[in-house]
Amino acid sequence: MGRYDLALIGFGGVNRALAELISQSGERLAKELGFALRVVAITDLRAGSLVDTDGIDLAPLLAAGPGKLSFAGPAGGSADPRNEWVIREVPADIVVEATFTNPTDGEPALSHVRWALESGKHVCTTNKGPVALAGRALKQLAAERGVSFEFEGSVLSGTPILRTAERMFAGLEITGVQGIMNGTSNYILGRLEEGVGLPAAIAEAQELGFAEADPTADIEGHDVQLKVMILANEVLGADLRREDVFCEGISAITPDEVRDAASKGLRWKLVGSATRHEDGSVDARVAPLALPAQHPLAGISGPVNAVAFHTDLLGTVTVCGPGAGRIETAYALLSDIIAIHRRHAADDTAPTRPVLQETHRV
Ligand SMILES: NC(=O)C1=CN([C@@H]2O[C@H](COP(=O)(O)OP(=O)(O)OC[C@H]3O[C@@H](n4cnc5c(N)ncnc54)[C@H](O)[C@@H]3O)[C@@H](O)[C@H]2O)C=CC1
Ligand SMILES: N[C@@H](CC=O)C(=O)O
């Protein structure tokens, strides 16, 4: 049985949930998937870095509360997040990037991904910044280095929307996408309908692990803007920049408007869409819409998201599922690792190593 050694960059909700999955279900997964997973490095802005090429014992780290973790003490640990050194030098097979999404320039996650690919390591990420703002260049770099760059969790969390479109829609012409792509704003709109105030609804979404570190990106639509760019670029063959995508969030909608609309059978939703025209150009936008109850997106509630694909042969096909959540998004990373395994397992140059191979502390 082979094994993949992982370097986790960022140790917040999502990467901790992945570590929990490996720690609690690693043996079952290994039996089912045919490969083992081991974490050999973790870096985090607040906790510092920790490296053990024999495999980090995850249980004690997970027992410490998220805000209480420090890697300054243990052997192989340091108070600084030595991201570049860890990514380039620690002998990991896969770098798992789950730091904050930066909608402006994608940094520092963009550099994290680049360093990993340049070092010949596979990357999987839930971070929307690098994918939306530099996805094409990063895929090119990955191809040049013979490694994979996977990012299923960047749109609709663990719901496999990108792979569904790539693998199941072959032969269809997709002319547009429209959807609810932000769990936090959808959750908040539902709570406003129920009479909860905006600050309290935001705090709930943060507590539940749906919101961005800075929830402005959720409320003002920037998160959906990045997701629309990713979908348009991946599915419609576009090459959109952020300024190409009109963006308005939900901050101007008052609780009274939400409740008033509900009393008339309308539901406010933050909708992202992209349409391809006959000349090949793609228009994309993000804006709140008051949808009538019979609209397919009107019934999508809470952190659930949905994307409708408009196709030539099937008409509209809608994919619906969790759009946010720590565990759900960790599953997206697992699905990326499985995709890496399936793509490279038959390849002799693939870095998956026999479980018993000796490794050395760096
Ligand atoms: N939580 C969710 O439901 C989903 C999250 N995502 C994306 O996944 C990523 C991670 O999300 P969460 O874990 O929920 O966020 P989080 O805010 O809980 O965790 C991010 C972690 O990254 C660390 N970090 C930030 N900058 C860093 C740096 N320069 N070097 C090292 N560590 C750094 C922070 O200290 C924090 O522990 C984000 O980009 C988010 O947009 C994507 C889909 C769903
Ligand atoms: N904050 C985002 C997380 C997933 O991308 C959301 O709420 O959808």
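Ligand 1 sits in the largest pocket of the protein. The model is a predicted one, and what follows looks at that pocket, at the two ligands and at the way the chain is split up.

A good place to start is with the neighbours of ligand 1. There are 24 residues around this ligand, and D44, T99, T126, E212 and G325 are the ones that come nearest. What kinds of residue make up this shell? They sort into 8 nonpolar, 12 polar and 4 charged residues.

Some of the neighbours also make polar contacts with ligand 1. T126, already met as one of the nearest residues, has a polar side-chain atom 2.7 Å from an oxygen atom of the ligand. N83 places a polar atom of its side chain 2.9 Å from a nitrogen atom of ligand 1. For T329, the distance from a polar side-chain atom to an oxygen atom of ligand 1 comes out at 3.4 Å. How much of ligand 1 does the protein bury? On its own the ligand exposes 830 Å², and 91% of that is buried by the protein.

Now for ligand 2. Like its partner above, ligand 2 sits in the largest pocket. The residues around ligand 2 include K128, T184, F210, A211, D218 and D223, along with G323 and A324. E212 is on the list for ligand 2 as well, and E212 was also named among the residues that come nearest to ligand 1.

Three polar contacts help to fill in the picture around ligand 2. G183 uses its backbone here: one of its backbone N or O atoms lies 2.8 Å from an oxygen atom of the ligand. K227 uses its side chain, with a polar atom 2.8 Å from an oxygen atom of ligand 2. In N182, a side-chain N or O atom is 3.5 Å from an oxygen atom of ligand 2. Taken by itself, ligand 2 has 250 Å² of accessible area, and the protein covers 93% of it.

Stepping back, how is the protein divided? It falls into domain 1, made of 2–157 + 326–360, and domain 2, which spans 161–322. Measuring over C-alpha atoms, the centres of domain 1 and domain 2 are 28 Å apart. Where the domains touch, 23 residues from domain 1 and 30 residues from domain 2 take part in the contact.

Which domains supply the shell around ligand 1? Domain 1 and domain 2 each contribute at least three residues to it. Ligand 1 therefore has neighbours from each of the domains, given that a neighbour is a residue with a heavy atom within 4 Å.

How values were computed:
Residues are numbered from 1 along each chain as its sequence is written. Chains are lettered from A and ligands numbered from 1 in the order in which they are written. This is a predicted model: local features need pLDDT of at least 70, side-chain atom pairs count only at pLDDT 80 or more; totals for chains, interfaces and linings use all residues. Side-chain values use heavy atoms; hydrogens and water are left out. A polar contact is a pair of N or O atoms within 3.5 Å; within protein, one must be able to donate a hydrogen and the other to accept it, and residues adjacent in sequence count only if both atoms are side-chain atoms. Accessible areas come from the Shrake-Rupley method with a 1.4 Å probe; for residues, only the protein chains shown count as cover. On a 1 Å grid over the protein atoms alone, a cavity is a set of points where a 1.4 Å probe fits but cannot get out, and a pocket is an open set with protein on both sides within 12 Å along at least five of seven lines; lining residues have an atom within 4 Å of a point. A molecule sits in a cavity or pocket if more than half of its atoms lie within 2 Å of its grid points. Ala, Val, Leu, Ile, Met, Phe, Trp, Tyr, Cys and Pro count as nonpolar, Asp, Glu, Lys and Arg as charged, and the others, Gly among them, as polar. Domain bounds come from an automatic or database domain assignment. Contact means heavy atoms within 4.5 Å.
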